[in-house]
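Work through the exercises below with the sequence and the structure side by side, and try each task before you read its solution.

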Amino acid sequence: MNPRPDTPLLDKVTVPADLRGLPETALPQLAAELRTEMIDAVSQTGGHLGAGLGVVELTVALHYVFNTPQDRVIWDVGHQAYPHKILSGRRDRIRTLRQEGGLSGFTKRDESAYDPFGAAHSSTSISAGLGMAVARDLSGGKNNVIAVIGDGALSAGMAYEALNNAGALGSRLIVILNDNDMSIAPPVGAMSAYLARLASGRTYQGFREFGKKLTGYLGERADRAITRAVEHARGYVTGGTLFEEMGFFHIGPIDGHNLEHLVPVLKNVRDHGTGPVLIHVVTQKGKGYAPAEAAADKYHGVNRFDVITGAQAKAPANAPSYTKVFAQSLIQEAREDERIVAVTAAMPGGTGLDLFGEAFPGRTFDVGIAEQHGVTFAAGLATEGYKPFAAIYSTFLQRAYDQVVHDVAIQKLPVRFPIDRAGYVGADGATHCGAFDTTFLASLPGFVVMAAADEAELRHMVRTAASYDEGPISFRYPRGNGVGVEMPERGSVLEIGKGRIVKEGTKVALLSFGTRLADCLLAAEELGAAGLSTTVADARFAKPLDEGLVRRLARSHDVLVTVEEGAIGGFASHVLHFLAHEGLLESGLKVRPLVLPDEFTDHGKPEKMYAAAGLDAAGIVHAVFATLGRSVGAQRA
């Protein structure tokens, strides 16, 4: 009879304090079990897999060396935080990731004390960490603050602003650069790991501090000279870097999958470091799972999948996705106009510009995680007569609002903004919800703001934007598939500021802006069955508003309901502003705006989220009956 195997180490670790009770020699086994657990969990839920696989050993090392949660560990973006969640008291819920009522796919302050800062957009960790470090200093605290940021996230300007400020302030802050693309690092190995341990240890640090004290007696000029000499000598061994010039003590690169390298360096920095420190760690995205390692995107984001084969579950094939319709339409227009160029901020696949890039590689520009630069870069292209399409998710366009205002709108430059992920985005939750773009763009003078009601309308809007040279123009569309309408061979140029009547009625008017149009049509059928003849209109434009259409609907109906997938202050606000100034609100007309609720809504299935928001067909019917003072089950009018 074979002896019963020991309990897996991971079963003995509920919180990081349990991990710190293990011998250091047990850490590789724990990391292997953690990796297996994460793969199994994400195979059932879907989510971000590759990033987490790449930081398993780093996660174990951080929680082993540092006294979390008193020591703050901030994960930039949060894509890589699944192993961290498993080790920090959430393993029993890890298979609820991104599900309604379950764990967030990102770090979230109200989910755990081990998440000191919420994140889902990139490049915020160093700024937040520096704020925490300065707060600690002001309070006389002694805890460590560690910000983990990827090489991709480091391409954003905000990260460099934070590095610059941290170097100037000199507060004790540890930044770990997780380089998983080999974009910065030279080859790593035993020698570089040894040098990293040497540089982070007491001997070098002590010599550095001794030099500072000694030169204090010799004057500032000698101090600067000797400090430069020490750092210059170190540069011969470990390589001088931009980070050193910004005031950071730079260690690495070291192998981020070798715990025998990671743990001693982290201990040295914990025990002997002063001032801001940057540890350069090289990892492999998708590490330890062959299908992820072999995939081009390293399984960055996956649907549910088979652990053995890596095959992902596919959504049922029906209508094409809005993203693909946009890409195909833009390719079609670019074949007709060589001035059309496309700009993405590190999201070629998500925006469909990977397809455009295959067709027009010389006219496609990925600027990295740098939406601010991307927008102004597009503005520069526009000044020279090109037609830039800056394809940016709604939630990420928020990051470049000053550039949209200052560099594009004020100068009336014809930059085109295809806005993907408008409205609810499901599993990505509040941080990625596309709620605000209509509100913040339609408030800008001279901006044309459109929303596609379906995939055919999206094709029309791509062509409309391509033909419009009078100033900035945007068009929004959601994540997911269209509704299966008949598609034109090529889009038509829409008349700017003109909507359309889709269904004629006499008593109730439903004015839709965006893809709630399909639900408006379903609602109109139910209202008609209840004796309420209903008009359904597609506004197409929030700005310029089709005033003639709104006036007509207001004068010929008892009830006007506006419907949109956006926040308060968007399309409905422009309609109400117009009605008020026209005096049409004083004629007995009953107006009800239906918008997304004034809250940050957690993740869930989009159809359930829209139902909860009252923006599905049933919600629209309920709003009409409530406006008329009737119950939904009332007899026919």
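The exercises that follow concern a predicted model, and each task is followed by a solution in steps.

**Exercise 1. The parallel sheet**

Task: Work out in which order the strands of the open sheet that contains β1 and β4 are arranged, and which strands stand at its edges.

Solution: Begin with the order, which reads β1-β2-β3-β5-β4 in an open sheet of five strands with parallel pairing. Next, look at the two ends of that order: β1 (72–75) and β4 (249–255) each have a single partner strand, so one side of each is left without a neighbour in the sheet. From one strand to the next, the twist averages 20 degrees. Then go to the pair formed by β3, residues 173–179, and β5, residues 276–282, which run in the parallel sense and are joined over seven bridges. Within this pair, D179 is found opposite V282 of β5.

**Exercise 2. The mixed sheet**

Task: Determine the strand order and the kind of pairing in the open sheet that contains β12 and β17.

Solution: The five strands of this open sheet follow the order β12-β14-β13-β16-β17, and their pairing is mixed. The edge positions belong to β12 (500–503) and β17 (590–594); each of them has a single partner strand, so one side of each is left without a neighbour in the sheet. The twist from one strand to the next averages 20 degrees. For a pair inside this order, take β13 (residues 508–513) and β16 (residues 559–564), which pair in the parallel sense over six bridges. One residue match can be picked out here, since S512 has V563 in β16 as its bridge partner.

**Exercise 3. Backbone details**

Task: Find where the cis peptide bonds that lead into P69 and P253 lie, and what is notable about the phi of K298.

Solution: Start with P69, whose peptide bond from T68 is cis, with omega near 5 degrees; P69 belongs to the loop between α4 (56–65) and β1. Move on to P253, where the bond from G252 is also cis and omega is near 10 degrees, but here the proline lies in strand β4. Finally, K298 shows a positive phi of about 55 degrees, although K298 is not a glycine, and its position is in the loop between α13 (290–294) and α14 (322–336).

**Exercise 4. An enclosed space**

Task: Describe the second largest cavity by its volume, its lining and the character of that lining.

Solution: A search of the whole structure gives two cavities of 30 Å³ or more, and the second largest holds about 30 Å³ of space. Its lining is made up of H63, T68, P69, D71, R72, V73, H84, A113, Y114 and P116. Sorted by character, these lining residues comprise five nonpolar, three polar and two charged. Both T68 and P69 belong to this lining, and they are the residues joined by the cis bond with omega near 5 degrees.

**Exercise 5. Rings and charges**

Task: Identify which residues form a cluster through ring pairs, and which rings have the charged ends of R363 and R516 over them.

Solution: Over the whole structure, the search yields 14 aromatic pairs. Ring pairs bring Y289, Y299 and F305 together as a cluster. Turning to the charges, the charged end of R363 sits over the ring of F360 at 4.4 Å from its centre. The charged end of R516, in turn, is placed over the ring of Y610, 3.9 Å from the centre of that ring.

Methods
Residues numbered from 1 in each chain as written. Predicted model: local features only at pLDDT ≥ 70, side-chain atom pairs only at ≥ 80, totals over all residues. Heavy atoms only, no water. 1 Å grid on protein atoms, 1.4 Å probe; cavity = no way out; pocket = protein on both sides within 12 Å on 5 of 7 lines; lining within 4 Å. Points joined across faces, edges and corners; volume = space filled by probe spheres on them. Nonpolar A, V, L, I, M, F, W, Y, C, P; charged D, E, K, R; others polar. Phe/Tyr/Trp six-rings, centres within 6.5 Å; stacked < 30°, edge-to-face > 60°. Lys NZ or Arg CZ within 6 Å of the ring centre and 35° of its normal. Pairing = 2+ DSSP bridges. Helix = DSSP H or I, 4+ residues; strand = E, 2+ residues; numbered from the N terminus. Axes fitted to C-alpha atoms, helices over the stretch in contact; angles between N-to-C directions.
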